[in-house]
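Biologist: Thanks for sitting down with me over this one. Shall we go through it together, one question at a time?

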There are 2 protein chains.
Amino acid sequence: MYFGRVYVSYKQSVLDPQGEVIKSGLTHMGFNKIESVKQGKYFEIKFAAADMEQAKQELVKMIEALLINANTETYRYDLKELED
Amino acid sequence: MYFGRVYVSYKQSVLDPQGEVIKSGLTHMGFNKIESVKQGKYFEIKFAAADMEQAKQELVKMIEALLINANTETYRYDLKELED
């Protein structure tokens with residue numbers, strides 16, 4: 001079994017209104033040294049695959065098929081094999 | 001300047017309907033070896049602090065004040081100092 005963690009965030013050029021709202025909220029709560037806040041998405045996926053190489057390929061396919069909008073979002077991931 | 005990355009996910013005992021929908025979607029698209037999908041949130045925060053110890057404390061305060069719902073969510077983070 002493989003365990004992938006996927007981190008999705010907006011591309012640099014894309015506005016992130018949720019992040020701005022959170023920054024504003026934190027600033028009003030007294031956290032006044034914040035330069036920026038970006039909000040993204042995070043996924044944990046457990047799945048079976050023959051080996052690490054196949055697992056990587058499957059994970060990238062899943063990410064690009066459903067988890068991200070390639071126009072506005074970018075991602076990174078890490079992947080490990082789970083002991084059963 | 002410090003750069004914190006915060007990963008928020010549901011606690012084990014909490015239902016994650018979005019994750020279930022994504023799992024179902026991926027399965028219908030032919031990814032049929034998925035055991036589970038969990039969806040969470042991901043934040044990137046840049047902020048100033050006097051030193052790493054203070055940065056850690058500030059980040060944890062921000063997370064617990066606004067970023068998570070402690071009843072249903074759990075988190076982890078990593079934090080590094082940025083070269084200016």
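Modeller: Gladly! For the rotation axis, copies are superposed by least squares on the C-alpha atoms of residues with pLDDT of at least 70 in both. Keep in mind that this is a predicted model.

Biologist: Which residue of chain A comes closest to the rotation axis?

Modeller: Start with the superposition: a turn of 180° and a shift of 0.0 Å along the axis lay chain A on chain B with an RMSD of 0.0 Å. The two copies are therefore related as by a two-fold rotation axis. At 2.3 Å from that axis, measured at its C-alpha in the model's geometry, the closest residue of chain A is K41(A).

Biologist: What salt-bridge partner does K41(A) have?

Modeller: K41(A) sits in strand β2 of chain A, and its partner lies in strand β3, 32 residues apart. K41(A) counts as partly exposed because its relative accessibility is 26%, between the 20% and 50% cut-offs. The closest N and O atoms of the pair are 3.4 Å apart, and the partner is E73(A).

Biologist: Is E73(A) buried or exposed?

Modeller: The cut-off for buried is under 20% relative accessible area. E73(A) has 11% relative accessibility, so E73(A) counts as buried.

Biologist: Which residue meets D78(A) in a salt bridge?

Modeller: This pair also links distant parts of the chain, with D78(A) in strand β3 and its partner in strand β1, 73 residues apart. D78(A) is partly exposed, with a relative accessible area of 30%. The N to O distance is 3.3 Å, and the partner is R5(A).

Biologist: How many salt bridges does the rule find across the interface of chain A and chain B?

Modeller: The structure holds four salt bridges over all chains. One of them joins K41(B) and E73(B), both in chain B. Across the interface there are 14 residue pairs in polar contact, but the number of salt bridges there is zero.

Biologist: Which element gives the largest share of the side of chain A that touches chain B?

Modeller: In all, 34 residues of chain A are in contact with 34 residues of chain B. The two chains bury about 3000 Å² between them, 64% of it on carbon and sulfur atoms. F31(A), K33(A) and Y42(A) supply 19% of the area that chain A buries there, more than any other three residues. β1, α1, β2 and α2 each supply at least two residues of that side, and the largest share, 14 residues, comes from β2(A).

Methods: Residues numbered from 1 in each chain as written. Chains lettered and ligands numbered in written order. Predicted model: local features only at pLDDT ≥ 70, side-chain atom pairs only at ≥ 80, totals over all residues. Heavy atoms only, no water. Contact = heavy atoms within 4.5 Å. Buried area = accessible area lost by both parts, 1.4 Å probe. Salt bridge = Lys/Arg side-chain N within 4 Å of Asp/Glu carboxyl O. Polar contact = N/O pair within 3.5 Å; in protein donor to acceptor, adjacent residues only side chain to side chain. Helix = DSSP H or I, 4+ residues; strand = E, 2+ residues; numbered from the N terminus. Buried < 20%, exposed > 50% of the residue type's maximum accessible area, 1.4 Å probe, protein only.
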